[in-house]
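Here are a few exercises to work through with the model open beside you. Take them in order, and try each one before reading its solution.

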Amino acid sequence: MAKKVAVLGAGSWGSVLASLLDENGSDVKLWSYNPTQVKELNEQHTNKRYIKDFTFAESLVATNDLSEAIDGVDYILFVVPTQVTRSVAKQVAKILADRNQTVNLIHASKGIEEKTYLRLSQVLAEEIAPSNRHSISVLSGPSQAEDVVTHDITLVTVASDNPKAAKEIQGLFMNNYFRVYTSDDVIGVETGAALKNIIALGAGALYGLGYKDNAKAALMTRGLAEISRLGMSFGANPLTFIGLSGVGDIIVTATSTSRNWRAGNELGKGHSLDEVIKNMGMVIEGIATTRAAYELSKKRGVDMPITSAIYHVLYDGADIKETINQLMTREGRSEIE
């Protein structure tokens with residue numbers, strides 16, 4: 001019998017994951033708060049704002065009724081922006097409780113909640129009662145939605161503290177172009193997934209300023225070092241950060257024209273943060289994540305100079321070139337600390 005899956009969030013990644021699950025034989029409902037988007041998906045089978053030049057299968061059904069979307073499902077996959085995950089989870093929690101329904105929760109969003117500094121699995125755990133969930137898992141890795149939809153070879157990780165759930169979710173998503181590995185390091189996978197967006201902002205800014213491959217390689221490598229330090233301060237496995245959700249996700253996000261890279265590129269060209277946000281017209285996860293990671297690093301006493309530098313550019317109006325000069329002229333130190 002086909003597994004029933006509700007995919008919450010019809011942006012690029014949500015709609016593509018819904019399409020993949022539908023292709024794999026799951027019974028999928030794709031939820032969007034936007035009735036116009038739902039109408040387009042159901043009638044035209046397109047999602048032009050997010051995925052250009054692609055037609056979804058007619059078997060993929062969208063709805064803007066959250067109750068309808070999660071009715072009787074085995075899995076709920078959250079792919080909504082980080083900062084609205086809690087509000088959507090609250091709505092889901094009430095529906096599940098009213099129905100006495102129990103599901104497996106998955107999220108594929110990449111960020112840290114502002115003010116609370118919580119990872120998204122922690123947000124879901126706070127809002128959805130244990131009696132209404134079997135497990136909480138995270139799906140992450142180097143995966144551009146536009147490439148997955150064209151069946152480009154893609155490898156990701158599903159992390160959960162429930163090995164049985166991780167194995168089931170692995171089977172749910174895997175096919176001949178989308179390979180899934182399992183992990184028990186939820187902390188490491190979520191930390192890498194969230195903080196790589198900060199490095200992508202930096203990589204875009206370097207490009208906008210005219211820097212070349214040497215600078216990009218330096219940023220990615222040292223960025224990974226500080227992401228690892230923060231994750232390990234919470235108990236993450238250091239090996240996770242040299243895997244798909246660590247170095248893999250940094251590579252794909254910081255070397256492509258990802259949303260966060262494009263935002264950084266505009267900053268590097270001299271545009272203000274307000275201009276960048278307005279012109280992008282979509283959520284740039286790395287901006288909020290930079291603030292959360294910066295504040296968290298101060299709270300934890302973790303040295304994160306690149307994150308700190310990007311924070312001061314975004315939120316204090318620091319000059320990018322002077323900030324880079326300050327990074328480069330710090331006192332020398334050992335690479336392995």
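## Exercise 1: Around one isoleucine

Beyond its neighbours within four places in sequence, Ile250 is in contact with Lys196, Ile199, Met220, Leu224, Ile227 and Thr255. Bear in mind as you explore that this is a predicted model.

**Task.** Find which residues touch the most other members of the largest nonpolar core, and which helix gives the most to this core.

**Solution.**
- Step 1. The largest nonpolar core holds 37 residues, and Leu195, Ile199, Ile250 and Ile284 touch the most other members.
- Step 2. Now look at the helices: H8, H9 (213-233), H10 (244-254), H11 (259-268), H12 (273-280), H13 (285-300), H14 (305-316) and H15 (320-328) each supply at least two residues of this core.
- Step 3. The top contributor is H8, with seven residues.
- Step 4. There is also a second, separate core of 35 residues, and it includes Trp13, Leu21, Val156 and Ile169.
- A word of background: in soluble globular proteins, nonpolar side chains tend to be buried together.

## Exercise 2: Placing a valine

**Task.** Decide whether Val247 is buried, partly exposed or exposed, and list what Val247 is in contact with.

**Solution.**
- Step 1. Locate Val247 in helix H10.
- Step 2. Its relative accessibility is 29%; buried would need a value under 20% and exposed one over 50%, so Val247 counts as partly exposed.
- Step 3. Setting aside neighbours within four places in sequence, Val247 is in contact with Leu224, Phe241 and Ile242.
- Step 4. For a longer view, compare Val247 with Trp13: they are 234 residues apart along the chain, and their C-alpha atoms are separated by 20 Å.

## Exercise 3: Reading the sheet

**Task.** Work out the order of the eight strands in the open sheet, then say which strands stand at the edges.

**Solution.**
- Step 1. Trace the strands across the sheet: the order is E3-E2-E1-E4-E5-E6-E7-E8, with mixed pairing.
- Step 2. E3 (61-63) and E8 (178-183) are the edge strands; each has a single partner strand, so one side of each lacks a neighbour in the sheet.
- Step 3. From one strand to the next, the twist averages 25°.
- Step 4. Zoom in on E5 (residues 103-107) and E6 (residues 133-140), which run parallel and are joined by five bridges. Here Ile106 stands opposite Ser137 in E6.
- Step 5. Add the helix H8 (residues 186-209), which packs on the sheet and touches E5, E6, E7 (154-160) and E8. The direction of H8 makes about 45° with that of E6.

## Exercise 4: Sorting aromatic pairs

**Task.** Classify the ring pairs Phe54 with Phe56 and Tyr311 with Tyr315.

**Solution.**
- Step 1. A search of the whole structure finds five aromatic pairs.
- Step 2. For Phe54 and Phe56, the ring centres are 4.9 Å apart and the planes are at 90°, so this pair is edge-to-face. Phe54 is partly exposed at 21% relative accessible area, whereas Phe56 is buried at 3%.
- Step 3. For Tyr311 and Tyr315, the centres are 5.2 Å apart and the planes are at 35°, so this pair is tilted.
- Step 4. Tyr311 and Tyr315 are four residues apart in helix H14, a separation of about one helical turn.
- Step 5. Tyr294 joins Tyr311 and Tyr315 in one aromatic cluster. Over the ring of Tyr315 sits the charged end of Arg291, 4.1 Å from its centre.

Definitions and conventions: Residues are numbered from 1 along each chain as its sequence is written. This is a predicted model: local features need pLDDT of at least 70, side-chain atom pairs count only at pLDDT 80 or more; totals for chains, interfaces and linings use all residues. Side-chain values use heavy atoms; hydrogens and water are left out. Two strands pair if DSSP finds at least two bridges between them. Axes are lines fitted to C-alpha atoms, for helices over the stretch in contact, and angles run from 0 to 180 degrees between N-to-C directions. Contact means heavy atoms within 4.5 Å. A nonpolar core is a set of buried Ala, Val, Leu, Ile, Met, Phe, Trp, Tyr and Cys residues joined through side-chain atoms within 4.5 Å. Buried means under 20% relative accessible area, exposed over 50%, partly exposed in between (1.4 Å probe, protein chains only). Rings of Phe, Tyr and Trp (its six-membered ring) pair if their centres lie within 6.5 Å; planes under 30 degrees apart count as stacked, over 60 as edge-to-face and the rest as tilted. A charge sits over a ring if NZ of Lys or CZ of Arg is within 6 Å of the ring centre and within 35 degrees of the ring normal.
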